[in-house]
Amino acid sequence: MSMTDSNWLFVSLFIAIALVFPAVPVVAARILGPHRPNALKNETFECGMQTVGDSWVQFKIQYYIFGLLFLVFDVESIFLFPWAVAYQQMALFAVFEGLVFILLLTGGLVYLWRKGALEWV
Amino acid sequence: MPEFSFGNIAVYAYDMIGWVLVSYGLDPKLVVIIQKFLAAFLLANFALLTPIFTIWLERKIAARFQDRLGPNRVGPYGLFQSFADILKLLTKEIITPSGADKVVYFVGPILSVAPVLGIWVVIPFASTMIGANLNVGVLYSVAIGGIGTLAIMMGGWASNNKYALLGAFRAASQLVSYEVPLILALLIPTMLAGSMGMQDIVLAQGTWFVVYAPIAAAIFLVSSLAEIGRAPFDILEAESEIVAGYHVEYSGFLFAIWQLGEFLHAFTISALVSVLFLGGWRGPLADLYPILGIVYLLAKTYFVYFITMWIRATVPRIRIDQMNNLNWKFLVPLALAALVLVALVDKLLPASLAGSARAWAHFASNVVLMAIVFGMLRTESRRLQNLSAPAPVAAAH
Amino acid sequence: MVPLSWYLVLAALLFSIGIYGVLARANAIGILMALELMLNGVILNIVAFWRYRGPTQVSGQMFAIIVFAVAAAEAAVGLALIISIYRRRGTVVAEDVSLLKW
Amino acid sequence: MSAQQIVFLVTAGVIVISAALVVTVRNLIHASLWLVITLFAVAAIYVQLEADFLAVVQVILYIGAISILIIFSVMLTRRVMADTGPQRIPQWPLAAVLALLVFGGLAYLLVQVPWPLAPNVDVSDTVLALGEAFVDPNRYVIPFEVATVLLLVALVGSISLALPERESD
């Protein structure tokens, strides 16, 4: 068995344990605790009143914009990770190629800033 | 038979179990699985039981910050308060709200703890002790941490409640936003160590990376605080605005699981900061006696944890627009600038300059950048003050 | 060792399930999800070929990463389009958004 | 059957079942949660192929970013799209037949061709090699920079699409 194999073996075992462990006390609580549901108790919380309307209310688009921003920045930084790992072996001009990458990224951010996409309205 | 050494006692025990099982005639491959399982079991227990202590610690310290006593009834100094709480929570009813999506409702909190626990896989406790020395360790911690966002959205959606869904939206927006400076800050230790493996990063820290890159360390700490979603970044569960956010409908132990996830996360990011920027298990004699490494790591972790508690107890909650401005208009550009700075400075410094002298050269460049940034902030705030000064008079009728 | 053909069949299966989803789903977001499945099938194929035909070369992984980037760009623009359409027309059912037919 | 094969078959089973649920389940939130499981299992397949970096990228990108955005959009467009509406088009049997045909053809082709295989070697750290190839002017520096431009365009384009128009006042 190679080194990487036993590493990922540990990871998978650990993730399995990590999923089971938090579930154990929940099951225990279900057994130990009372369980007497009734219609009034099960109502969703709404400051002591009847739930008004549908709970699927409309939300600000702004939340979504930040999600989109994050997606693109995420991919870009993933591209940078191999570059960062190889950084110590690189000549200066190779570092500049990475910096061009970062500058393009910054350019996008500056454009959106100017456009007002980063404002919370 | 493995050779005994006190300094390396954990590895000795690990090898010994394997040796005994193999000598009983078990298949070596199966023995490896058993060994790994036992190690994983122990590690998970350690990580999951720590919050029982840190919750007490946090309540005690927060109380001191606010000039109170904190828990002091159950046991000496209230030490057993957490156990009393666990017993209470175990006997509480778990209410499932009507219209909830049952399976998703139950899986949500569990999925919020599991990824945080999963980060402990890559945290090196000593030169010989690490769950899995993945060569993509840094990215692994980000990847598995990102699942927590999903858990919060699941919990918020499944509750069938307006406030919960609003909280989930805020949470998702905040957590994904702050992941960007977090990842960018992580690039800097990766670059300095030339590897993404956590063990390699610790080994590269002859001088702690907090000296090489104080800005990156600060950005990492702040964006991690936002990832946990506790004060001052607790707008996702702001009591005064949206009740309790995504876990408003949760009761009993399911609620406790959400809280457990939050406390464990706080402790975990403290450990990550210590590993990435404070030298991890490094310290006097830690190479000779790996068991000391655990002590050093825990000491550093508790130190960082104390700082997070300090911030939590003193800084008021920020508004949602401030939260976004802080991230996209300050932390992200600053992280990009710090990245460029470190990349350039490290290549331009002569190779002969090694060790701590190199580190302090980096430190000086960071200080210069920080001075420039503070200068810019100062002029900007002056400008804003001049703009907004007459406004109240004009608005009055 | 797992034979290469197993991976290829799995990738083909994932791709076909994606095709079914793209064709049969009425909802635009559903279609996008199925598209992600198809892209995953493609990347799986590339990685399997990399592992079995050129594990010493870096090209296979490089291809996969480029496809990842394209997938991310596709998802970002696609989802933004869906939200934009939803805001204008109040629907995300692909059938109802066929203004260009006339 | 070796342990590796069993692990593969289990993972493949998870992938196929959850992928099938992604395209058939009526509730779109459930579909996206099944999508998450599919993507996670695909990451597990990458681990089995010893492509650690890609596995991690898969989790960060697909689970951490794309599926969160998808769930976001489902929640945002939820109001008119209650579970009562039709979730598949009336011509779905045709789609199923077509998908089956594609699968048959692809599988036949892929299994029939005798792919020449490289000798089995241990794959060590590929991240360093990737990083060096990214900045090597003779190899992948153009794709590397073009990818940024692509992402930049996607960023600007998607945000311009999603931003509500300002009232001109």
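The legends below describe close-up views of a predicted model.

Residues are numbered from 1 along each chain as its sequence is written, and chains are lettered from A and ligands numbered from 1 in the order in which they are written. Local features need pLDDT of at least 70 and side-chain atom pairs count only at pLDDT 80 or more, while totals for chains, interfaces and linings use all residues; side-chain values use heavy atoms, with hydrogens and water left out.

**View 1. Chain A, with the pattern α-α-α along its sequence.** Chain A holds three helices and zero strands (DSSP runs numbered from the N terminus: helices are H or I of at least four residues, strands are E of at least two). Of its 121 residues, 53% count as buried (buried is under 20% relative accessible area, exposed over 50%, partly exposed in between; 1.4 Å probe, protein chains only). The accessible surface of chain A comes to about 5300 Å², and carbon and sulfur atoms account for 69% of this surface (Shrake-Rupley method with a 1.4 Å probe; for residues, only the protein chains shown count as cover).

**View 2. Surroundings of D:Thr148 in helix 6 (residues 141-162) of chain D.** D:Thr148 counts as buried because its relative accessibility is 1%. Residues up to four places away in sequence are not counted, and D:Thr148 touches A:Glu76, A:Phe101 and A:Leu104 (contact means heavy atoms within 4.5 Å).

**View 3. The interface of domain 1 (1-70) and domain 2 (97-377) of chain B.** The domain bounds come from an automatic or database domain assignment. Taken over C-alpha atoms, the centres of the two domains of chain B are separated by 23 Å. In this interface, 19 residues of domain 1 are in contact with 22 residues of domain 2. The two domains bury about 1900 Å² between them, with 81% of it on carbon and sulfur atoms (buried area is the accessible area, 1.4 Å probe, that two parts lose on being put together, summed over both). Two residue pairs, both at pLDDT 80 or more, are in polar contact between the domains (a pair of N or O atoms within 3.5 Å; within protein, one must be able to donate a hydrogen and the other to accept it, and residues adjacent in sequence count only if both atoms are side-chain atoms). Helix 1 (9-23) and helix 2 (28-65) of chain B each supply at least two residues of the side of domain 1 that touches domain 2. Helix 2 gives the most to that side, with 14 residues.

**View 4. The salt bridge between B:Arg312 and B:Glu58.** The closest N and O atoms of this pair are 2.5 Å apart (a salt bridge is a side-chain nitrogen of Lys or Arg within 4 Å of a carboxyl oxygen of Asp or Glu). One salt bridge is found across the interface of domain 1 and domain 2 of chain B.

**View 5. The salt bridge between B:Asp346 and B:Arg358.** The closest N and O atoms lie 3.3 Å apart. B:Asp346 belongs to helix 13 (residues 320-348) and B:Arg358 to helix 14 (residues 355-388) of chain B, 12 residues apart. Both B:Asp346 and B:Arg358 are buried.

**View 6. The salt bridge between C:Arg51 and D:Glu50.** In this pair the closest N and O atoms are 3.0 Å apart. The pair joins two chains, because C:Arg51 lies in helix 2 (residues 28-53) of chain C and D:Glu50 in the loop between helix 2 (28-48) and helix 3 (52-76) of chain D. C:Arg51 is buried, with a relative accessible area of 5%, and D:Glu50 counts as buried at 17% relative accessibility.
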